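Biologist: Could we talk through the charged pairs together? I would like to hear the reasoning behind each label.

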Amino acid sequence: MEEYPTGFRFYPTEEELISFYLHNQLHGLKQDKLHRVIPVLDIFDTEPWNLPQLAGELCREDREQWFFFAPMQEREARGGRPSRSMATGYWKAAASAGYVYSSDNEVIGVKKSMVFHVGKPPTGRKTQWKLNEYRAVELSPTIPNSTSNNVSIPKLRREFTLCRVYVVSGSSRAFDRRPPEVVARETTIQGGNGAASNEGGGCEDAPSSGVVVANAGCSHPWETASLEEPIWDWEQLDWL
């Protein structure tokens, strides 16, 4: 393995995770290079404290966060719900899903946050292990619109998700210590705060559920339309 300078860290933005890493994985590109950083692993069969040693070789020594491509489970491929439980505990949704936006203010994915609980639901004990699960949204080829323009249908890709696993430590994590210009482009919109109102040309109906956005502006014409495979079916809080 080639040498890297002291202080080398892998801390991509969410846009890079989805637009580059997850999209290349979904399309079977750059596999050898990708998997040195983000390996393919069914992480929902592995206790979170065992995941760091299974991380990509370039990130194995990281003490803050680890990344994995999780393949679609067989039960999910048959139309069932994915399993998030194992012998010692289970992953439970911590918040509603939100869109992830590109720097061009295009919806590129969906993000779901989870917390690992030890024990059996619903009485499991909450731990400090957290997970962000990303799914890519792609636009299918345009179809004729009965009114005027052609319309691209958004599709939620399910073959692989990209998972970021980390431990809540009380201090800033690596991916929270990005350069100011990067952080400025990615603003977390919190519910009830007026930062995403009409100031600066924003929209009143901007997402408010912890969605990471860039240049938070007007919503896209298809945002209110259903994805080819509805998000709500995947987003049930009862994963088990």
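Modeller: Here is a short conversation about salt bridges and burial.

Modeller: First, the ground rules: this is a predicted model, where local features need pLDDT of at least 70, side-chain atom pairs count only at pLDDT 80 or more, and totals for chains, interfaces and linings use all residues. Residues are numbered from 1 along each chain as its sequence is written, and side-chain values use heavy atoms, with hydrogens and water left out.

Biologist: What makes Arg63 and Glu61 a salt bridge?

Modeller: The term asks for a side-chain nitrogen of Lys or Arg within 4 Å of a carboxyl oxygen of Asp or Glu. The closest N and O atoms of Arg63 and Glu61 are 3.8 Å apart, so the pair qualifies. By this rule the model has seven salt bridges.

Biologist: Why is Arg157 called buried, and how does Glu159 rate?

Modeller: Buried means under 20% relative accessible area, exposed over 50%, and partly exposed in between (1.4 Å probe, protein chains only). Arg157 has 9% relative accessibility, so it counts as buried. Glu159, at 35%, therefore counts as partly exposed. These two residues also form a salt bridge, with N and O atoms 2.7 Å apart.

Biologist: What does Arg157 do with Glu138?

Modeller: Their side chains meet in a salt bridge at 2.6 Å, N to O. Glu138 lies in strand S5 (residues 125-139) and Arg157 in the loop between strands S6 (154-156) and S7 (160-167), so the pair ties together parts 19 residues apart in sequence. Strands here are DSSP runs of E, at least two residues, numbered from the N terminus.

Notes:
Helices (H or I, at least four residues) and strands (E, at least two) are DSSP runs, numbered from the N terminus.
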